[in-house]
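Trainee: I'd like to take a close look at one part of this model with you. Could you walk me through it?

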Amino acid sequence: MRVGSGFDVHAFGPGEHVMLGGVRVPHTHGVLAHSDGDVLLHALTDALLGAAGLGDIGQHFRDTDPRWKGADSARFVQAVLAMLRERGLRVGNADVTLIAERPKVGPYRDAIRARIAELLEVSGQAVNVKATTTERLGFLGRTEGLAAQAVVLLLESP
Ligand code: MG
């Protein structure tokens, strides 16, 4: 068994939706990012890479690479999952947390869980989606952006 953690932040910018766990969530802002700026999937990608001892998302998917301009962040997760498969690793479970005052994820939580489970090729029971605020403190509390944390457990494939 191998454990990994990931963390990501994106600032709000112009737009009317944010991508969270591969799900389009309407919002008063978008995020500033080279890719689609999906903080949950970026934190998850880093957790997967961390658990496998493969560095971080910036090493594999440079934010100056035109290939990743506006990219669907699901591609990062899928690419890393392929690396894991080559190494005989699969996901045991994943626990992701969105840290933000807004948008509220409640109405989208089930869809996010289902999409992450699909990307990780595990059942919905193996994925947990949490959300919290910073009690209006700091840059997240001032609704300047979004943050996410992820923890994953990898198992050796039988
Ligand atoms: Mg990011």
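What covers the buried residues of H3?

Mentor: Happy to, keeping in mind that this is a predicted model. The cover over the buried residues of H3 includes three helices and two strands by name: helix H1 (39–52), helix H2 (57–60) and helix H4 (109–120), along with strand S5 (89–99) and strand S7 (145–156).

Now to the helix itself. H3 runs over residues 74–86, and its 13 residues should span 18 Å at 1.5 Å a residue, because the expected span counts one less than the number of residues. The end C-alpha atoms of H3 lie 19 Å apart, which agrees.

Which residues of H3 are buried? They are Ala74, Phe76, Val77, Val80, Leu81, Met83 and Leu84. Buried here means under 20% relative accessible area. As you read along that list, a general point helps: an α-helix has 3.6 residues a turn, so residues three or four places apart point the same way. Just after H3, Gly88 takes a positive phi of about 75°.

For contrast, look at strand S1 (residues 2–13), where Phe7 is found. Phe7 counts as partly exposed because its relative accessibility is 47%. Together with Val9 and Phe139, Phe7 makes a nonpolar surface patch of about 250 Å².

Finally, the magnesium ion has protein donors from Asp8 (OD, listed twice), His10 (NE2) and His42 (ND1), lying 2.2 to 2.7 Å from the ion. In sequence, these donor residues follow the spacing D-x1-H-x31-H. Asp8 counts as buried because its relative accessibility is 16%, and His10 is buried too, with a relative accessible area of 12%.

Terms used: Residues numbered from 1 in each chain as written. Predicted model: local features only at pLDDT ≥ 70, side-chain atom pairs only at ≥ 80, totals over all residues. Heavy atoms only, no water. Donors = N, O, S within 2.8 Å, 3.2 Å for Na, K, Ca; no water. Buried < 20%, exposed > 50% of the residue type's maximum accessible area, 1.4 Å probe, protein only. Helix = DSSP H or I, 4+ residues; strand = E, 2+ residues; numbered from the N terminus. Contact = heavy atoms within 4.5 Å. Patch = residues over 30% accessible without salt bridge, like charges linked within 9 Å, V, L, I, M, F, W, Y side chains within 5 Å. Areas by Shrake-Rupley, 256 points an atom, 1.4 Å probe, with all protein chains shown as cover. Salt bridge = Lys/Arg side-chain N within 4 Å of Asp/Glu carboxyl O.
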